[in-house]
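Q: Please take one part of this model and look at it closely, residue by residue. After that, I'd like to know how it fits with the rest of the chain.

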Amino acid sequence: MKRCNYCRREKPLSAYAEHKGRLRATCEECRPKKNAVNTKYAHGSTGTQTRAEYWKSPTGKTVRKKFNSSNAGKKSRKKWADSEKGHEYRIVKNERLAHKTATNPGLNLNLRLVASFNGILNGQKTCTLLERTSFTSCPDVRKHFEELLEGSGMTISDHGPKWWVGHRIPRVYFDHTNPADVKACWSKANMFPQSKQSNKDDTYFLTKENCLAVGAANFPASWNQTMPSENEMAALFAKAHAGELWV
Ligand SMILES: [Zn+2]
């Protein structure tokens, strides 16, 4: 006999399934119920927010960074990308994105600006979109990044393999249908050369230090020139992760 950790009843060993060479702690009758409860919690607002806060916390950041750069992390990403599900997901994701950008002028401009800055940093000479940003010309863009790269051991030609365009306040928090927000998002104060890895790891991260570095003048208009509290930052981060902010 063995006590189930869900219904707390003593049940014969045959009521338990084997997993990784041991009997499960939950009986097979309870397991679907337990899974449903866990799933419901995880998909609900409390679970979603708790997770978002965890991944934003120093512990969560360290754990994710460590996993992402570990062999297990690389393997798991590759496995997912190569799997039928991963492949299907990419198709759906691309279709969704195409639909979104076709029907969403803000996101469309946002993504075109990403492509433009990448082009400029890779040598593109002209860009008609720059007049919507706080930059005056392509050389102005390169000069900004060159200055910030000084002393880092990286140069402008390492753009792509080593560093990416980083936004201290991520793009997702700016309303790209508002010209003032576009100028603020794509301002010198908000843009810096960021190591490729932290650019990937820090998606949607909001920190007080970064907000201070940007300055209230270049905050998203919806913040009313006020730094969000820690709770507000966590809520914004959760919203960003839920895909509610891209406009
Ligand atoms: Zn049970």
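A: Ala216 counts as exposed because 12 C-beta neighbours fall inside 10 Å. The cut-offs use C-beta atoms placed from the backbone: 20 or more others within 10 Å means buried, 12 or fewer means exposed, and anything in between is partly exposed. This is a predicted model, in which local features need pLDDT of at least 70 and side-chain atom pairs count only at pLDDT 80 or more, while totals for chains, interfaces and linings use all residues. Numbering starts from 1 along each chain as its sequence is written.

You will find Ala216 in the loop between H10 and H11; helices here are DSSP runs (H or I, at least four residues), strands are E runs of at least two, and both are numbered from the N terminus. Ten residues separate Ala216 from Thr226 in sequence, and the two C-alpha atoms are 6.6 Å apart in space.

Follow the chain on into H11 and you come to His241, which belongs to that helix. His241 is partly exposed, with 18 other C-beta atoms within 10 Å. Setting aside residues up to four places away in sequence, His241 touches Ala52 and Tyr204, where a contact means C-beta atoms, placed from the backbone, within 7 Å of each other. Ser187, by comparison, is 54 residues from His241 in sequence and 24 Å away in space, C-alpha to C-alpha.

The touch between His241 and Ala52 is part of a helix pairing. Two packed helices are described by the angle between their axes and the distance between those axes. Helix H2 (residues 45-56) packs with helix H11 (residues 230-241) at about 105 degrees, the axes being 9 Å apart. Those axes are lines fitted to C-alpha atoms, for helices over the stretch in contact, and the angles run from 0 to 180 degrees between N-to-C directions. H2 is therefore roughly perpendicular to H11, a label for 65 to 115 degrees; under 35 is roughly parallel, over 145 roughly antiparallel, and the rest oblique. On the H2 side, Thr48, Gln49, Ala52, Glu53 and Lys56 take part, meeting Ala234, Phe237, Ala238 and His241 of H11. Sorted by class, the residues of this contact are four nonpolar, three polar and two charged; Ala, Val, Leu, Ile, Met, Phe, Trp, Tyr, Cys and Pro count as nonpolar, Asp, Glu, Lys and Arg as charged, and the others, Gly among them, as polar.

The other partner of His241, Tyr204, sits in the loop between helix H9 (196-201) and helix H10 (208-214). Tyr204 is partly exposed, with 18 other C-beta atoms within 10 Å. Its backbone deserves a look too: Tyr204 is not a glycine, yet its phi is positive, near 70 degrees. Most residues other than glycine have a negative phi. Lys20, another non-glycine, also has a positive phi, about 50 degrees. Lys20 is in the loop between strand E3 (18-19) and strand E4 (22-23), and is exposed, with 5 other C-beta atoms within 10 Å.

For a buried residue, turn to Ala184 in helix H8 (residues 179-185). Ala184 counts as buried because it has 24 C-beta neighbours inside 10 Å. Apart from neighbours within four places in sequence, its contacts are Phe174, Asn190, Asn218, Phe219 and Pro220. The C-alpha atoms of Ala184 and Pro220 are 7.0 Å apart, with their positions 36 residues apart along the chain.

A second helix pairing joins helix H6 (residues 105-121) and helix H7 (residues 138-149), whose axes come within 9 Å and cross at roughly 80 degrees. That makes H6 roughly perpendicular to H7. Here Phe117, Ile120 and Leu121 of H6 meet Cys138, Val141, Arg142 and Phe145 of H7. This contact has six nonpolar residues, no polar ones and one charged residue.

Now step back to the whole chain, with its eleven helices and six strands. An automatic or database assignment sets the domain bounds, giving domain 1 (1-43) and domain 2 (105-241). Taken over C-alpha atoms, the centres of these domains are 48 Å apart. The C-alpha atoms fill a box of roughly 75 × 40 × 40 Å along the principal axes. Buried residues make up 18% of the 247 residues.

Notes
Contact = placed C-beta atoms within 7 Å.
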